[in-house]
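User: I am new to this structure and would like a close look at a single part of it, the nonpolar core. Please set that part in its surroundings as you go.

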Amino acid sequence: MHTFLPIAYFKNQFVPFAEANLSIATHALHYGTGAFGGLRGIPNPENSNQVLLFRLDRHCKRLSSSAKFLSYDLPADKIESIITEFVKKNRPERSFYIRPFVYTSDLGIAPRLHNIEKDFFVYGLELGDYLSPEGVSCRISSWYRQEDRSLPLRGKISGAYITSSLAKTEAVSSGFDEAILLNSQGKVSEASGMNIFVVRNGELITPGYDQDILEGITRDSILTIARDLEIKVVERPVDKSELFIADEVFLSGTAAKITPVKRIETFEFGTTRPITDRLREVLTAVTENRDERYREWVNTIDIG
Ligand code: PMP
């Protein structure tokens, strides 16, 4: 069970988390017509009266775009100011995760996005490691990543997560930690809730935006950091067989941060991972506001 932050934003006001409840007839619950965000924050290790949020602007922009797919106009700056207020009210003392959610809040049946009430809520929970930082084993899922012609993959649409859920459960029930999904073209797309990176011959390779991936914000941060470190970066289609012979493979996401992959199916990777380790070191320093170069990615919120 999670430890939830005590205050939620629900129906246009801040209320105790336990009072933020929905009806069983809520439209989005039935049709998956919601979209969410997920961002991390930590108490500032250098100032206990402050909280640090990582790439708040990008997360709010992505949620605002997701809301557009639901025919809901929710400006990014509005989300940003509600999240800032949310953090001030909760005064989190440990590493945490914020989950903002837009959804069709109407009570009633018939899948649609027009002539229907929508709403927005925010809650949070304490969150340490989502996957083992030591590394995970992965299976290639028998479920394929959806295609953009069937649903908007640039949004974090709640209904889309049935595929992630099937893939994750299939992986765990067959003895693995995580699933890697191919796309409809049979190329590597991403994991159940993370983007994927491969290192071969000193080159950092990741499937591009045309490979039916979610436009991950951690992925974007890693690409920028890698380029700044003068690591050669390539965004291109990745074949399944390339995964098996890679020098290093890792997953990236807000919850998972950078998680090394130890094994894919029967293929084991070495325990020396110079590029994964280097990127992880810098990303950790960035999120803790210890790296001058990326200060603009970190929002400092006074809670004192
Ligand atoms: N892919 C999927 C399907 C996800 O749910 C996530 C987590 N949001 C990611 C990738 C990674 O995205 P981000 O780095 O923005 O958290």
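What radius of gyration would a compact globule with 304 residues have, and what does the protein have?

Analyst: The model is a predicted one. For 304 residues, a compact globule would have a radius of gyration near 19 Å, and the protein has 19 Å, so the two agree. Along the principal axes, the C-alpha trace spans about 50 × 50 × 30 Å. The chain forms seven helices and 17 strands. Of the 304 residues, 53% count as buried. Among contacts with a separation of 6 or more, 69% are between residues 24 or more positions apart. The accessible surface comes to about 14100 Å², and carbon and sulfur atoms account for 49% of that area.

Now the core itself. In soluble globular proteins, nonpolar side chains tend to be buried together. The largest nonpolar core in this model has 28 residues. Those with the most contacts inside this core are Leu 53, Ile 83, Val 87, Ile 98, Val 102 and Phe 120. Two or more core residues come from each of these elements: strand S5 (50–54), helix H2 (56–69), helix H3 (76–90), strand S6 (96–104) and strand S7 (118–126). Helix H3 gives the largest share, six residues.

Phe 120 serves as a worked example. This residue lies in strand S7. Its relative accessibility is 2%, and since buried means under 20%, Phe 120 counts as buried. Leaving aside neighbours within four places in sequence, Phe 120 is in contact with Tyr 9 and Lys 11, with Leu 63, with Tyr 72 and Leu 74, and with Ile 79 and Ile 82. The list of contacts is completed by Pro 100, Phe 101, Val 102 and Tyr 103. One of these partners, Val 102, is itself among the residues with the most contacts inside the core. As a reference distance, the C-alpha atoms of Phe 120 and Ala 25 are separated by 17 Å, and the two residues are 95 apart along the chain.

Thr 3 offers a second view of the surroundings. This residue lies in the segment before strand S1 (7–10). At 46% relative accessibility, Thr 3 counts as partly exposed. Apart from residues up to four places away in sequence, Thr 3 touches Leu 125 and Glu 126. Strand S7 covers 118–126, so both of these partners fall within that strand's range. The C-alpha atoms of Thr 3 and Val 87 are separated by 15 Å, with their positions 84 residues apart along the chain. Val 87 is another of the residues with the most contacts inside the core.

Nonpolar side chains also appear at the surface. Trp 143, Ile 162 and Leu 166 make a nonpolar surface patch of about 270 Å². Of these, Ile 162 is found in helix H4, which covers residues 161–173.

Charged side chains complete the setting. Side chains of opposite charge can pair when their charged atoms come close. The count of salt bridges in the model comes to 20. One of them joins the side chains of Lys 232 and Glu 203, at 3.2 Å from N to O. This pair links distant parts of the chain, as Lys 232 is in strand S13 (residues 232–235) and Glu 203 is in strand S12 (residues 203–206), 29 residues apart. Lys 232 is exposed, with a relative accessible area of 53%, whereas Glu 203 is partly exposed at 21%.

Another salt bridge is formed by Asp 291 and Arg 293, at 2.8 Å from N to O. Here Asp 291 is buried, with a relative accessible area of 10%, while Arg 293 is partly exposed at 45%. The side chains of Glu 292 and Arg 295 also meet in a salt bridge, at 3.2 Å from N to O. Glu 292 counts as exposed at 60% relative accessibility, and Arg 295 counts as partly exposed at 36%. Elsewhere, Arg 55, Arg 58 and Asp 220 are joined into one network by salt bridges that share partners.

To return to the part you asked about: the core has 28 residues, helix H3 gives the largest share of them, and Phe 120 in strand S7 is buried there at 2% relative accessibility.

Terms used: Residues numbered from 1 in each chain as written. Predicted model: local features only at pLDDT ≥ 70, side-chain atom pairs only at ≥ 80, totals over all residues. Heavy atoms only, no water. Core = buried A, V, L, I, M, F, W, Y, C linked by side-chain atoms within 4.5 Å. Buried < 20%, exposed > 50% of the residue type's maximum accessible area, 1.4 Å probe, protein only. Helix = DSSP H or I, 4+ residues; strand = E, 2+ residues; numbered from the N terminus. Contact = heavy atoms within 4.5 Å. Patch = residues over 30% accessible without salt bridge, like charges linked within 9 Å, V, L, I, M, F, W, Y side chains within 5 Å. Areas by Shrake-Rupley, 256 points an atom, 1.4 Å probe, with all protein chains shown as cover. Salt bridge = Lys/Arg side-chain N within 4 Å of Asp/Glu carboxyl O. Rg over C-alpha atoms; globule rule 2.2 N^0.38 Å.
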